[in-house]
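Let's take a walk through this one together, strand by strand and then out to the loops and hollows. Keep the model open and rotate as you read.

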Amino acid sequence: MNPSEQPVATTSSPASVSVPVSQSVSGYRVDGQSAAQPAYLQLEDINKSFGNFVALKNIYLDVYPGEFVCLLGPSGCGKTTLLRIIAGLEEQTSGRVIQGGKNVSYLSPAKRDFGIVFQSYALFPNLTTTQNIAYGLQNAKLPKPQIERRVAELLETVGLSGMGHKYPSQLSGGQQQRVALARALALSPGLLLLDEPLSALDAQVRVKLRTEIAQLQKRLGITTVMVTHDQAEALAMADRIVVMDKGYIAQVGAPYAVYQRPSNPFVANFIGVMNFLQGTVIAPDRVRCGNLVLQATQNGAEVNQSVKVAIRPEEIRVLTDTEAQANPQNLLSAEVQSMEYLGTGYLVTCVPDGDAKETLLIDVSTFEARGLGLSQGSKLKLYLPPDHVQVFAV
């Protein structure tokens with residue numbers, strides 16, 4: 001037996017227990033589930049270099065059966081390279097890929113158990129929808145009646161019943177992507193890989209299809225890894241998000257956890273909108289930012305250490321004078337510099353009194369803005385709840 005085909009133990013080793021993200025950002029394994037449940041896909045110390053350029057550094061990740069994991073990050077962070085290594089389309093410089101208890105690290109794509117959907121759909125233009133979906137089934141030499149049943153089932157699954165006779169050029173972008181998804185699922189693979197599958201679609205279709213794909217994935221229970229640079233997609237679709245930066249894993253966690261408790265300034269700034277203020281820790285739960293002293297319960301820095309103080313726009317509250325008197329801590333006066341209308345509300349840029357260098361973004365609903373008579377130059381009392389003020393060492 002080829003060494004790369006030998007089965008490996010699926011019981012989690014001591015190295016695979018969850019590690020708090022505060023302890024490491026470059027070489028940890030995050031399981032997120034009970035160690036008693038074996039991972040279906042294991043990435044063990046994956047490294048990839050292209051000449052002198054290091055694309056991936058010490059990647060450890062466990063993906064569990066039926067889980068939907070998103071690899072999220074900016075262009076050039078290594079997420080697509082990692083997906084290609086999982087598929088065998090790219091060979092890692094070092095490390096192992098374990099799928100279903102089998103070492104597939106150096107197997108060709110044809111010998112791996114996965115279906116893949118590309119950003120460009122990659123449909124055969126000269127084949128009908130039915131023929132595109134049936135392509136892999138025919139190569140597997142399945143009986144014709146079985147192929148016909150499977151194709152009909154898949155057309156219904158992706159909502160394209162009655163369109164089997166159409167060619168790709170006769171379908172919308174969303175319909176073409178459904179065909180690509182059906183083709184990837186045709187052979188009932190153990191793993192589904194999605195390479196930015198929605199990026200070529202317009203906004204409304206993208207939102208609709210991301211919901212359909214997430215629901216379909218849950219219904220089928222297929223283990224799925226998706227690459228995206230769209231934070232909204234990752235937050236809406238994933239069970240866990242793997243945030244990547246410059247070839248390493250910056251944080252892994254459930255969407256809510258990654259959004260609400262980012263492990264470092266990069267994650268905080270990349271996912272959603274975040275305000276940052278420069279400050280210095282003056283007590284275990286106090287930070288000075290210019291003329292402002294903030295209480296911050298999320299403070300792990302040392303006294304006298306320079307830090308970045310972070311808070312999201314939606315966490316900042318606009319108080320009336322009466323409310324301000326009842327909340328003297330973490331209160332500041334600010335002037336509205338500009339207002340950006342977003343339909344459901346405004347993204348308001350404010351300048352705190354006495355500190356023209358810093359600005360704060362706050363979310364204000366249309367109803368609230370109307371009640372406040374909000375306009376450029378308005379004076380506001382802003383409350384920064386201590387539980388939502390996060391402190392990052394710099």
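Start with β15, which runs antiparallel to strand β19 (residues 379-383) and is joined to it by three bridges. If you want a pair to click on, try Leu319, whose bridge partner in β19 is Lys381. Bear in mind that you're looking at a predicted model.

Now zoom out to the sheet these two belong to. Five strands make it up, in the order β15-β19-β16-β17-β18, with antiparallel pairing, and the sheet is open. The edges are held by β15 (317-319) and β18 (360-365); each has a single partner strand, so one side of each is left without a neighbour in the sheet. On average, neighbouring strands here are turned by 50° against each other, direction ignored. What holds such strands side by side in general? Strands of a sheet pair through backbone hydrogen bonds, either parallel or antiparallel.

Move inward to strand β16 (residues 331-341). Five bridges join β16 to β19, and the two run antiparallel. In this pairing Ala334 stands opposite Leu380 in β19. β16 is also joined to strand β17 (residues 345-352), again antiparallel, by seven bridges. There you'll find Glu335 opposite Val351 in β17. So much for the partners; a general point about side chains is handy here. In a regular strand the side chains alternate between the two faces of the sheet. Before leaving, look at the turn: the hairpin of β16 and β17 has three residues between the strands, and Gly343 takes a positive phi near 95° in this hairpin.

There's another five-stranded sheet to visit. This open sheet has the order β13-β12-β11-β14-β20 and antiparallel pairing. Its edge strands are β13 (292-295) and β20 (390-393), each of which pairs on one side only. Neighbouring strands in this sheet are turned by 40° against each other on average, direction ignored. Zoom in on strand β12 (residues 286-289) and you'll see four bridges pairing it with β13 in the antiparallel sense. One of the residues to look for is Arg286, whose bridge partner in β13 is Gln295.

On to the helices. Thr81 sits in helix α1 (residues 79-87). Is Thr81 buried or exposed? Its relative accessible area is 16%, and because the cut-off for buried is under 20%, Thr81 counts as buried. Leaving aside residues up to four places away in sequence, Thr81 touches Lys48, Phe50 and Leu56. For another helix residue, go to Lys208 in helix α5 (residues 203-220). Lys208 counts as partly exposed, at 48% relative accessibility. Lys208 also gives you a sense of distance back to the first sheet we visited: Lys208 and Ala334 are 126 residues apart in sequence and 40 Å apart in space, C-alpha to C-alpha.

A couple of loop residues deserve a click too. Ser188 lies in the loop between α4 (173-185) and β7 (191-195). Ser188 isn't a glycine, yet has a positive phi of about 50°. With 52% relative accessibility, Ser188 counts as exposed. Then there's Lys246, in the loop between β9 (240-245) and β10 (248-253). Lys246 has a positive phi of about 55°, although it is not a glycine. Lys246 is exposed, with a relative accessible area of 59%.

Finally, the empty spaces. The largest pocket has a volume of about 620 Å³. Its lining comprises 23 residues, and the closest to the pocket's centre are Phe114, Gly115, Gly136, Arg183 and Leu187. Which elements supply at least two residues each of this lining? They are β6 (114-117), α2 (129-139) and α4, with the largest share, five residues, coming from α2. Sorted by class, the pocket lining has 16 nonpolar, three polar and four charged residues.

The structure also holds three cavities of 30 Å³ or more. About 50 Å³ of space lies in the largest cavity. You can trace its walls through Tyr259, Gln260, Arg261, Ile311, Arg312, Glu315, His388 and Gln390. By class, that cavity lining divides into two nonpolar, three polar and three charged residues.

Note on methods: Residues numbered from 1 in each chain as written. Predicted model: local features only at pLDDT ≥ 70, side-chain atom pairs only at ≥ 80, totals over all residues. Heavy atoms only, no water. Buried < 20%, exposed > 50% of the residue type's maximum accessible area, 1.4 Å probe, protein only. Contact = heavy atoms within 4.5 Å. 1 Å grid on protein atoms, 1.4 Å probe; cavity = no way out; pocket = protein on both sides within 12 Å on 5 of 7 lines; lining within 4 Å. Points joined across faces, edges and corners; volume = space filled by probe spheres on them. Nonpolar A, V, L, I, M, F, W, Y, C, P; charged D, E, K, R; others polar. Pairing = 2+ DSSP bridges. Axes fitted to C-alpha atoms, helices over the stretch in contact; angles between N-to-C directions.
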